[in-house]
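Me: I should like to go through the terms used for this structure and the grounds for each. Please begin with the strand pairing.

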Amino acid sequence: MNVTHQSITNVLSQHYDLTPSTELVEEMQETYARMDRVVTPPDFAIYAPYIKAINALKKERNAVILGHNYMTPEIFHGVSDFVGDSLQLAMKASDVEADVIVQAGVHFMAETSKILSPEKIVLMPDMAAGCSLAESITAEGIDEMRAKYPGAPVVSYVNTTAEVKAASDICCTSSNAVQIVDAMESDTVIMTPDRYLAQNVANESRKNIVYWPGSCIVHEQYTAQDLRDFRKWNPGTRLIAHPECPPEVVAEADFSGSTSGIIKYVSTEKPEKAMLITECSMASNIADELPEVDFVGPCNMCPYMKKITLQKILYVLHTMEGQVEVDAEIAEKARHSVQAMIDLSRKLGL
Ligand code: 13P
Ligand code: SF4
């Protein structure tokens, strides 16, 4: 799928009235109430016709939208049927009842959904929504690590291509990485492709962890000095970091967890001020539910996640373009790695 913004606009304008509408803001008050702390009424007037059209089309197509926690609020609250972190979305993809899954997230997540639900159509609103971690390693990289550390199992982060998953023994996400690694029989475990997640896991695990030197372009930007400076500038702020951040950043933070772990922590603790050291939309998506928390601090955006828009979601649902395919043999092997992770996570009650 290689279409321009203009051609998408042309196709959609022939079938839908997408003029900004203040009447729709009134009509959709319940939806708007979930994001009115972070989305202004004029902006919602722009989103409302898209939200209405997408939700109607979902019914027609028997489709569900799986929205990652890094989606913008109008996608997260407006059209997603299920939201969550990578593990929750993978689990949902494996058991959701629908003919079509629209992945409001990045490409590796759509591939994971297709691997787990090969009989469903999986639509990716923008095929160029990649991930710096997934791009950092190929199946040859896994072979290289196996040659260097013979006999060590390979635990690959879900932020990888289907080929890399197929070449690995088991997958992990940031919410189960320590438990998955600790469950391996060998003393030495290979983790790919995120060096920082691996180093953070090594700080909590009994295993000797060797890793591939990939990184996330969003989380690697934070430094421990940023956090110290921030504490000085705004005392009393709770600093909460994703484990894709460098270990010195995690050490400086008050809590570290996956995106859903962060949501759970802030929802339970309800700190007066919180800085989420992760992708920018996370704070926006929980701001309305937690009016007592003041979300402060910088905003690092993932350029890949931000490629997903309401307009592109409507376009793929309308045209059924953007279908994700995974080679059957690779899918079969990759399914083994992802399913092993899901089964172990369920067994461990994660
Ligand atoms: P989780 O949602 O699993 O914490 O992962 C974050 C991420 O980087 C997804 O791209
Ligand atoms: Fe990849 Fe980082 Fe973006 Fe997540 S936030 S999709 S890990 S680049």
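**Grounds for the terms used**

Reply: In this predicted model, V155 stands opposite M191, a residue of β7.

Me: What makes β5 and β7 a pair?

Reply: Two strands pair if DSSP finds at least two bridges between them. Strand β5 (residues 154-157) and strand β7 (residues 188-192) share three bridges in the parallel sense, so the criterion of at least two is met.

Me: How do you know that β5 also pairs with β6?

Reply: The same criterion of at least two bridges applies. Three bridges join β5 to β6 (residues 170-172), and these strands run parallel; the pairing therefore holds. Within β6, C172 is the bridge partner of Y157.

Me: Why do the side chains of β5 point in two directions?

Reply: In a regular strand the side chains alternate between the two faces of the sheet. In β5, V154 and S156 point one way, while V155 and Y157 point the other way.

Me: What does it mean that these four residues are called buried?

Reply: The term requires under 20% relative accessible area. V154, V155, S156 and Y157 are all buried, so each lies under that 20% limit. Buried residues make up 58% of the 350 residues in the chain.

Me: How do you know whether the radius of gyration agrees with that of a compact globule?

Reply: For 350 residues, a compact globule would have a radius of gyration near 20 Å; the chain has 20 Å, and therefore the two agree. The C-alpha trace spans about 60 × 55 × 35 Å along its principal axes.

Terms used. Residues are numbered from 1 along each chain as its sequence is written. Chains are lettered from A and ligands numbered from 1 in the order in which they are written. This is a predicted model: local features need pLDDT of at least 70, side-chain atom pairs count only at pLDDT 80 or more; totals for chains, interfaces and linings use all residues. Side-chain values use heavy atoms; hydrogens and water are left out. The radius of gyration is taken over C-alpha atoms; the globule rule is 2.2 Å times the number of residues to the power 0.38. Buried means under 20% relative accessible area, exposed over 50%, partly exposed in between (1.4 Å probe, protein chains only).
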